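Subject: Structure for your review

Dear colleague,

Please find below the structure that I am handing over to you. I should be grateful if you would read the notes under it alongside the coordinates.

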2 protein chains.
Amino acid sequence: MSAPKTDSQQQILALLKQLNREISAQELYVELRRRSQSLGLATIYRALKALKLEGTIQTRTLSNGESFYSLAEAEQHYLTCLNCGKSILLENCPICQESAASREQEHFKIYYHILDFFGLCPSCQHQIHVES
Amino acid sequence: MSAPKTDSQQQILALLKQLNREISAQELYVELRRRSQSLGLATIYRALKALKLEGTIQTRTLSNGESFYSLAEAEQHYLTCLNCGKSILLENCPICQESAASREQEHFKIYYHILDFFGLCPSCQHQIHVES
DNA sequence: AATCATTTTGATAACGATTATCATTATTTT
DNA sequence: AAAATAATGATAATCGTTATCAAAATGATT
Ligand SMILES: [Mn+2]
Ligand SMILES: [Mn+2]
Ligand SMILES: [Zn+2]
Ligand SMILES: [Zn+2]
C-alpha cells in the first residue's frame with residue numbers, strides 16, 4: 001500500500017494534507033513555488049499519477065477536462081451545476097455504510113468512489129429562464 | 001423541460017436513443033457522417049451543450065478530459081480502473097431508492113447523478129505488481 | 001574515490017478535446 | 001421581398017495534459 005516516495009511526491013502529499021481541500025495541478029505548481037519549493041510542472045503530474053495509482057490520492061475531473069486532486073480519505077460527494085460548473089461539497093454519504101459494489105469488489109480493487117449530482121444551481125436556474 | 005430542438009439536436013438525440021450507450025462527441029461526428037447525416041463538429045458540441053442544460057442527456061468525463069454522452073435516463077454507475085481507464089457499467093444503484101441529497105434538492109435542481117468507483121481492474125493489479 | 005547504472009527532474013514541444021471566431025446559409029418576422 | 005434572427009460549418013485558438021530528452025541527482029560496484 002505504501003510504496004517508496006520521491007521527494008516531489010512527499011512535498012505534494014504534505015501540501016495536500018495541509019490544505020485539506022482539492023486542488024488542481026496548476027494550482028499546486030504556483031502554490032509550491034510560492035513556498036519556495038518549486039517543482040517542474042511535469043514532475044508534479046508525474047508525482048500525482050504515481051500517488052493516484054497507489055490509491056493515496058483521488059482525482060475528480062470536471063467537464064472542462066481539468067482535474068482536482070485530494071487525499072483519498074477525504075469526502076467526495078458533490079452537487080455540480082451544469083451551467084457554471086461550480087461544485088458544492090456534500091456532507092453525508094448515502095452509500096459508505098452499505099457494502100458498495102459487493103460482488104465486483106472481489107476482483108476489482110476499489111480505492112475510492114465519487115458520487116456526483118448534476119443539475120442547476122439556484123442562480124443558474126434563474127439565468128437560464130431569463131435568457132431563453 | 002422540453003425546449004424547442006434544432007435539427008442537429010434531434011439527429012443527435014435520435015442516434016443516442018438508437019445506440020443506447022454512451023458515446024463521445026468525436027465518435028458522434030464520424031457515426032453521423034457514416035449515416036450521411038454529417039454535421040460540423042462545432043454544431044455537435046453546441047447541440048450537446050444545449051441538451052445537457054435541458055437535462056435531456058448526461059455527461060461523464062474521463063480523467064483524460066474526454067467526455068461521453070448518453071440519455072439522462074440511462075444508468076450511470078461505473079467501476080473505473082485508474083490505470084487503463086476502462087469502465088465497467090454497474091447494474092444496481094445503491095442510492096436511487098433513498099431520497100438522495102434530500103435537503104439540497106429543494107433549491108438545487110438535480111438532473112442526474114453519477115456514482116463512480118475508482119481502483120484497479122484485475123489485469124492492471126497484476127501489471128503494476130510485476131513492473132514495480 | 002571513481003566509474004557506471006538507474007532514477008528523478010525540468011524545460012519545452014507535442015497532443016487532443018473543447019471552445020471561440022466569423023462568415024455563410026437557413027429560418028422566421030415584418 | 002426585405003430585414004432580423006437563428007443555425008451551421010470551417011478553421012483558429014485555447015488549455016490541461018502528456019511525451020520527449022537532456023541534465024542533474026542518487027545509488028551501486030569496483
Ligand atoms: Mn462516501
Ligand atoms: Mn442511480
Ligand atoms: Zn450554476
Ligand atoms: Zn485496468
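The notes below take up the contact between the chains, the two DNA strands and the salt bridges in turn. Please bear in mind throughout that this is a predicted model.

**Chain B against chain A**

The contact draws 39 residues from chain B and 39 residues from chain A. Together the two chains bury about 3500 Å², and carbon and sulfur atoms carry 69% of that area. Leu82(B), Phe108(B) and Phe118(B) provide 19% of the area that chain B buries against chain A, more than any other three residues.

Which elements of chain B supply at least two residues each to the side that touches chain A? They are α3, β4 (77-81), β6 (109-120) and α4 (122-131). The largest share, 12 residues, comes from β6(B). Sorted by class, this side of chain B holds 23 nonpolar, 11 polar and five charged residues.

As to polar interactions, 10 residue pairs are in polar contact between chain B and chain A, counting pairs in which both residues have pLDDT of 80 or more. The number of salt bridges across this interface is zero.

**DNA strand C**

There are 16 residues around DNA strand C, and those that come nearest are Gly40(A), Thr43(A), Arg46(A), Tyr45(B) and Ser67(B). Of the strand's atoms that come within 4 Å of the protein, 61% are accounted for by sugar and phosphate.

Both chains place side chains at the phosphates of this strand. From chain A, a polar side-chain atom of Thr43(A) lies 2.9 Å from a phosphate oxygen of DNA strand C. From chain B, an N or O atom in the side chain of Tyr45(B) is 2.3 Å from a phosphate oxygen of DNA strand C. Arg46(A) addresses a base instead: one of its polar side-chain atoms lies 2.6 Å from a base nitrogen of DNA strand C.

The surface near DNA strand C takes at least two residues from each of α1 (7-19) and α3 (41-54) of chain A, and from each of α2 (25-34) and α3 (41-54) of chain B. With three residues, α3(A) gives the most. This surface comprises five nonpolar, eight polar and three charged residues.

**DNA strand D**

Which residues come nearest to DNA strand D? Of the 16 residues around this strand, they are Tyr45(A), Ser67(A), Gly40(B), Thr43(B) and Arg46(B). Sugar or phosphate makes up 58% of the atoms of DNA strand D within 4 Å of the protein, and bases make up the rest.

Here a polar side-chain atom of Tyr45(A) lies 2.5 Å from a phosphate oxygen of DNA strand D. The side chain of Thr43(B) has an N or O atom 3.0 Å from a phosphate oxygen of the strand, while Gly40(B) uses a polar backbone atom, at 2.9 Å from a phosphate oxygen.

At least two residues of the surface near DNA strand D come from each of α2 and α3 of chain A and α3 of chain B. By class, the residues of this surface are five nonpolar, eight polar and three charged.

**Salt bridges**

Over all chains, the whole structure contains 12 salt bridges. Side chains of opposite charge can pair when their charged atoms come close.

One of these pairs is Lys5(A) with Glu54(A), at 3.5 Å from N to O. Lys5(A) belongs to the segment before α1 of chain A and Glu54(A) to helix α3 of chain A, so this salt bridge ties together parts that are 49 residues apart in sequence. Lys5(A) is partly exposed, at 25% relative accessibility, and Glu54(A) is buried, at 14%.

A second pair lies within one helix. Arg34(A) forms a salt bridge with Glu31(A), and their closest N and O atoms are 2.8 Å apart. The two residues are three apart in helix α2 (residues 25-34) of chain A and are therefore separated by about one helical turn. Is each partner buried or exposed? Arg34(A) is exposed, with 61% relative accessibility, whereas Glu31(A) is buried, with 16%.

In chain B, Arg35(B) and Glu31(B) form a salt bridge with closest N and O atoms 3.2 Å apart. Arg35(B) is partly exposed at 26% relative accessibility, and Glu31(B) is buried at 15%. Finally, Glu22(A), Arg60(A) and Asp116(A) are joined into one network by salt bridges that share partners.

With kind regards

Conventions:
Residues numbered from 1 in each chain as written. Chains lettered and ligands numbered in written order. Predicted model: local features only at pLDDT ≥ 70, side-chain atom pairs only at ≥ 80, totals over all residues. Heavy atoms only, no water. Near = heavy atom within 4 Å. Polar contact = N/O pair within 3.5 Å; in protein donor to acceptor, adjacent residues only side chain to side chain. Helix = DSSP H or I, 4+ residues; strand = E, 2+ residues; numbered from the N terminus. Nonpolar A, V, L, I, M, F, W, Y, C, P; charged D, E, K, R; others polar. Salt bridge = Lys/Arg side-chain N within 4 Å of Asp/Glu carboxyl O. Buried < 20%, exposed > 50% of the residue type's maximum accessible area, 1.4 Å probe, protein only. Contact = heavy atoms within 4.5 Å. Buried area = accessible area lost by both parts, 1.4 Å probe.
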